[in-house]
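Subject: Structure for you to look at

Hello,

Here is the structure I said I would pass on. Please open it next to this email and follow along.

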Amino acid sequence: MRFLAAAFLLLALSACALAEPVHFKDCGSGVGVIKEVNVIPCPVQPCHLQKGQSYTVNVTFTSSTQSQGSKAVVHGIVLGVAVPFPIPEPDGCKSGVSCPIEENKTYSYVTKLPVKNDYPAIKLVVQWELRDDKNQCLFCWEIPVQLEN
């Protein structure tokens, strides 16, 4: 029984270690405030993302507006050029955000970031926006990443 309790404790501590918040740059959260950004796993920054893997992105934010819906827009910024980065589910209302979005309410946006094998192994900045139904930014954050083979 002690072994089972110790194994459970170790598993819980490991999960907490993987969910370390990342340091991000706010790139224009016009109608929201970011509380925390997590990329799992990303134990050090810049995040080292392996091609062929998928990563969990969790953003906790507070909305300062009302909106019927939300849409994620993701770019990879390479040498100052924003390149669209498709994600499997751009609808924020299908990614943990309860819609309609209410003013002064905190939400947890959770989705997957797949890193395709055909992406080049380069350093870049990921820019992630969640836009409301008036195309205003509920949140916008940037983090440096390294895509690796």
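Below is what was found in it, going from the whole chain to single residues.

**Confidence**

The model is predicted, so the confidence values come before anything else. The mean pLDDT of the protein chain is 88, and 87% of the residues reach 70 or more. Where is confidence lowest, and where is it highest? The lowest mean, 38, belongs to helix H1, residues 2–18. The highest, 97, belongs to strand E8, residues 123–132. Over residues 1–17 the pLDDT is below 50, and beyond near neighbours in sequence this stretch has zero contacts in the model. Please keep that in mind when you look at the helix on the screen.

**Overall layout**

The protein chain has one helix and nine strands. Starting at the N terminus, the order of elements is α-β-β-β-β-β-β-β-β-β. The chain is 149 residues long, and 38% of them count as buried. If you take the contacts with a separation of 6 or more, 67% of them are between residues 24 or more positions apart.

**The cavity**

How many cavities of 30 Å³ or more does the whole structure have? The search finds one. The space in this largest cavity is about 40 Å³. Its lining is made up of Val39, Leu49, Leu113, Val126, Trp141, Ile143 and Val145. By type, these residues divide into seven nonpolar, no polar and no charged. Strand E9, residues 137–148, supplies the largest share of the lining, with three residues.

Take Val39 as one of the lining residues. Val39 sits in strand E2, residues 32–40. Is Val39 buried or exposed? Its relative accessibility is 3%, so Val39 counts as buried, because the cut-off for buried is under 20%. Val39 and Val110 are 71 residues apart along the chain, and their C-alpha atoms are separated by 9.9 Å.

**Aromatic rings**

The count of aromatic pairs comes to six. One of them is formed by Tyr109 and Trp128, with 6.3 Å centre to centre and 70° between the planes. This pair is edge-to-face, because planes over 60 degrees apart are given that name. The pair links distant parts of the chain: Tyr109 is in strand E7, residues 106–114, and Trp128 is in strand E8, 19 residues apart. Tyr109 and Trp128 are both buried. They also belong to a cluster linked by ring pairs, which takes in Phe61, Tyr107, Tyr109, Trp128, Phe139 and Trp141. Trp141 appears in the cavity lining as well.

**Backbone details in the loops**

Some background for this part: most residues other than glycine have a negative phi, and most peptide bonds are trans. The residues below depart from one or the other.

Two cis peptide bonds come up here, each leading into a proline:

- The bond from Ile40 to Pro41 is cis, with omega near -5°. Pro41 lies in the loop between E2 and strand E3 (47–50).
- The bond joining Cys99 and Pro100 is cis, with omega about 5°. Pro100 is in the loop between strand E6 (81–84) and E7.

What does Pro100 touch, leaving out residues up to four places away in sequence? It touches Ser67, Gln68 and Tyr107. The C-alpha atoms of Pro100 and Gln68 are separated by 4.4 Å, although the two residues are 32 residues apart along the chain. Pro100 has a relative accessible area of 44%, so it counts as partly exposed. Tyr107 is also a member of the ring cluster described above.

Two residues have a positive phi without being glycine:

- Leu79 has a phi of about 50°. It lies in the loop between strand E5 (70–78) and E6. With a relative accessible area of 85%, Leu79 is exposed.
- Asn104 has a phi of about 65°. It is found in the loop between E6 and E7. With a relative accessible area of 62%, Asn104 is exposed.

Both are called exposed because their values are over 50%.

A possible order for viewing: begin with Val39 and the other residues lining the cavity, go on to the pair of Tyr109 and Trp128, and end with Pro100 in its loop.

Regards

Terms used
Residues are numbered from 1 along each chain as its sequence is written. This is a predicted model: local features need pLDDT of at least 70, side-chain atom pairs count only at pLDDT 80 or more; totals for chains, interfaces and linings use all residues. Side-chain values use heavy atoms; hydrogens and water are left out. pLDDT is the predictor's confidence in each residue, from 0 to 100. Helices (H or I, at least four residues) and strands (E, at least two) are DSSP runs, numbered from the N terminus. Contact means heavy atoms within 4.5 Å. On a 1 Å grid over the protein atoms alone, a cavity is a set of points where a 1.4 Å probe fits but cannot get out, and a pocket is an open set with protein on both sides within 12 Å along at least five of seven lines; lining residues have an atom within 4 Å of a point. Grid points are joined across faces, edges and corners, and a volume is the space filled by probe spheres set on the points. Ala, Val, Leu, Ile, Met, Phe, Trp, Tyr, Cys and Pro count as nonpolar, Asp, Glu, Lys and Arg as charged, and the others, Gly among them, as polar. Rings of Phe, Tyr and Trp (its six-membered ring) pair if their centres lie within 6.5 Å; planes under 30 degrees apart count as stacked, over 60 as edge-to-face and the rest as tilted. Buried means under 20% relative accessible area, exposed over 50%, partly exposed in between (1.4 Å probe, protein chains only).
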